[in-house]
Structures are given as structure tokens and as C-alpha cells.
Amino acid sequence: GVSANPVHVKSMPQTMGTVSQYACQRRTTLKNYNNIFTDAFEILSQNYEFIESEGPCLAFMRATSVLKSLPHAIHSLQDLEGLPFLGDQTKDVIEDILECGHSSKVQHVLSDDRYKAFKLFTSVFGVGLKTAEKWYRRGFRSLEEVKADSSIHFTKMQKAGFLYYDDISRAVSRDEASAIGQIVEDTVHLLVPDALVVVTGGFRRGKEFGHDVDFLITTPETEKGEGILHNVINELKHQGILLYYDIVDATFDKTKLPSKRFEAMDHFEKCFAIIKLNKKLVKCDGQEESAGGKDWKAIRVDLVVPPVDNFAFALLGWSGSRQFERDLRRYAHYEKKMILDNHGLYDKTKKTFLSAKTENDIFAHLGLDFIEPWERNA
Ligand code: TTP
Ligand code: MN
Ligand code: MN
Ligand code: MN
């Protein structure tokens, strides 16, 4: 699996070979032996994202991912020998941490005004880099200052983000995710009994906590699925538990050429929602006291409805992690001359789409060993 493309990966050490440069050729469980380093890298990488420094941002994300896949802790700089993406920049940080327990670079970022403001602003549902930048430039440094300014126009999503901030900025537990799963499944099956409802995202990878709960919904026959998302949303509304929703209609066109079809965002019908979860429905409710002593918690939920023919690709694409997905696409492109996205796989040499019923089929098309969802925490 070592890249044959010298332009693509510069100065890859000859000793490498045990650890692939692609996350999709590594098994990355949630057991991370190098937390102290990856926590530091993630802060630096996010800071580079905030200052729109794409190269270093990606470099630190890749290095983070490599360290997460190791079956042992890094004890010295020699341990980095032969590892992909652990160049001088990342080595300096590791050296710092090995020597004095922390990185001065990280300390500096953590006390940086722009980093702190961006971190806070983007923690609001509906606030991305553009909005954070705008608010930062206007001199705001706290959410209170933002909320107090009557001249700011908030999107519907941001209004919900502020309204339910205390709940949705708190992690979703596995038990809360299961309770939400039961609600979603029951609601879908009430309308289409043989529809398939599958949890994706971080919870499919075995995470104990998440920032939301992600679901794929599909029907064996496309006709039966007509309007299913709108009907599910109406039913949740009827149950009085839909706090917010934003339905994005499908923009999926099978007749489009591959070059136009493969874009960053997928074209499936989907809904970004906030659901009111009654705490009595949660098997093992955390001891934490909720604001205002209410008996419910607002939970962020993503519902995605791919056609059955695209289901395996959608499942692979929505299961993450983001770095695993990035490397699957990079591997497909550079090693196989194929284009992979959430809808399908296109072989540029054969000029044809490769179909798949399961994730196993996709890994096989790519000539990759199957990586279980819980080994994709890259
Ligand atoms: P997220 O829910 O953002 O991330 P996560 O579930 O891995 O982690 P968390 O616990 O914080 O929720 O996204 C899940 C996957 O879905 C991720 O790999 C990226 C993918 N995704 C898309 O493919 N298209 C989209 O439009 C979005 C929002 C996500
Ligand atoms: Mn059922
Ligand atoms: Mn998620
Ligand atoms: Mn999500």
C-alpha cells in the first residue's frame, strides 16, 4: 500500500511499510495510547483551520490519525521512525511534550483570542467559520455579547442553536442515543413497516459519547419510500417532540456525469433536527442535573434517506470518521484511479460505476481488507 506517486507523498522514509499512510489500511480502535500527543495535535490542527491555513491543518490531522492507530505509546522521538506524516513540525511538539509534559505552542494557542472566540462561536449549532469570522471581526468575544446585539440577523438554525445551547453542547450518551434510536425506529416503522433504520456516525464506531445521533433510513422498494422523510417529520411533530428541523430535499440525479456527481456534500434527502428526549425513556440517565430541572433533553439528530441502490455507499460515507473517509477517497483516487463518494464508486479506467450491496463489496472493489466500523476511529 505504499504510494507509487512521488508527487503525492514527498520524502516518505524507506523504513515505512508497517504503518500505511492511508487510514483505510489501518485499524484504529477507540483505545488511544497517545492521547497526550493527539489532544495537542487536535488543538493545533483546529487553530490552523480557524486561521485558514489548510496545509498545516491537514498535516496535523493526518499525524493525529497515525498516532491514534498505534498499538503502543510513543516514548521517544526514535519511536516515530518510519511513521508517515510525522515530520519536523509534529516532532517539535512531541519533543516538547516528552521533555516538559506540555507543548508551549499549544499553551499559546489556548490563550489566543481568535482561537478562543472561534471555538466558542462554532460550538453553536448553525455557526460555521464564516459566521465566527464575522462575529470575531465585529469585536465579539462571548456569546452574551453576540446575543445582546440587536442588529445581528440569526438564521433559524442559529436561533435553535442558542435556544437549546445548554443541552446540545453537552455530549449525547450511548443510552440517550439508544432511546432516540427507538423513537426514530418506531416512527419510521409506523409509516413503512419494512423500512431499514441504521445508526451511523460515531455511535456505529462504538463511541460512548457523541455530539449528535446519525441515522440512515431506506426502503427496499423506492416507491414505498416516497415522502417517507416528510411523513416521519410530521409524525414526530404530531408527537410534540420535534424542537427544530431543516429538511434538505434530494438533489440526486442518476443521469449526471460522474465528474459533476462527485462533490463534497452528498445529494441525499436529509434532515438536521433537534428532538426533545424525555429522560424517563433513557435507560441509565446520567446524574448530571439539567438546567431548570426539566425532565427532557434536546438532542441533535441527523436523518439521511438514500435510495436502496446507494445504501452501502451512504452507510460507509456516514459512518466516518472524517479522516477515515478522507483517506478512503484519497486511496481510491491515487492508488486505484477510482472516485469514491457517498453515492457510489466510479472506475476511471473502465469508465464504469461499480455497484455494491454491502460495505464489504466496496472494500473489495478497492482491493482493501475490510475494516470494521469500530476500527475506523482514525
Ligand atoms: P458527524 O455526525 O458530524 O460526526 P461523528 O458522528 O463521526 O462524530 P460525533 O460524535 O461528533 O457526532 O458526521 C458523521 C459522518 O457523516 C462523518 O464521517 C461525515 C459524514 N457526513 C457526510 O458525509 N455528509 C454530511 O453532510 C455530514 C454533515 C456528515
Ligand atoms: Mn420495529
Ligand atoms: Mn455524529
Ligand atoms: Mn451528524
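## What surrounds ligand 1

Let's start with the pocket residues by class: the shell around ligand 1 has 2 nonpolar, 8 polar and 6 charged residues. Keep in mind that this is a predicted model. Of the 16 residues around the ligand, the ones that come nearest are Gly201, Gly202, Gly210, His211 and Gly320.

Where does the shell around ligand 1 come from? Three helices each supply at least two of its residues: helix 11 (201–204), helix 14 (311–319) and helix 15 (322–336). You can also look at it by domain, since domain 2 (172–306) and domain 3 (315–375) each give at least three residues to the shell.

## The domains

Which domains does the protein chain have? The domain assignment lists domain 1 (23–109), domain 2 (172–306) and domain 3 (315–375).

Now take domain 1 and domain 3 as a pair. Their C-alpha centres are 26 Å apart, and 8 residues of domain 1 are in contact with 9 residues of domain 3. On the domain 1 side of that contact, you'll find 3 nonpolar, 4 polar and 1 charged residues.

## Two helices that cross

When two helices pack together, people describe them by the angle between their axes and the distance between those axes. Try that on helix 5 (residues 113–121) and helix 6 (residues 129–137): their axes come within 9 Å and cross at roughly 130°. An angle from 115 to 145 degrees counts as oblique, so helix 5 and helix 6 are oblique to each other. Their crossing is right-handed.

Which residues meet there? Helix 5 brings Arg114, Ala117, Phe118 and Phe121, while helix 6 brings Thr131, Ala132, Trp135 and Tyr136. Sorted by class, this contact has 6 nonpolar, 1 polar and 1 charged residues.

## Two backbone oddities

Here's some background: most peptide bonds are trans, and most residues other than glycine have a negative phi. With that in mind, check the bond that joins Gly320 and Ser321, which is cis, with omega at about -5°. Ser321 sits in the loop between helix 14 and helix 15. Those two helices each supply at least two residues of the shell around ligand 1, and Gly320 is one of the residues that come nearest to the ligand.

The other spot to look at is Phe85. This residue is not a glycine, yet its phi is positive, at about 70°. You'll find Phe85 in the loop between helix 2 (54–69) and helix 3 (88–100).

Notes. Residues numbered from 1 in each chain as written. Chains lettered and ligands numbered in written order. Predicted model: local features only at pLDDT ≥ 70, side-chain atom pairs only at ≥ 80, totals over all residues. Near = placed C-beta within 6 Å. Helix = DSSP H or I, 4+ residues; strand = E, 2+ residues; numbered from the N terminus. Nonpolar A, V, L, I, M, F, W, Y, C, P; charged D, E, K, R; others polar. Domains from an automatic or database assignment. Axes fitted to C-alpha atoms, helices over the stretch in contact; angles between N-to-C directions. Parallel < 35°, antiparallel > 145°, perpendicular 65-115°, else oblique. Left-handed = near helix turned anticlockwise from the far one by under 90°. Contact = placed C-beta atoms within 7 Å.
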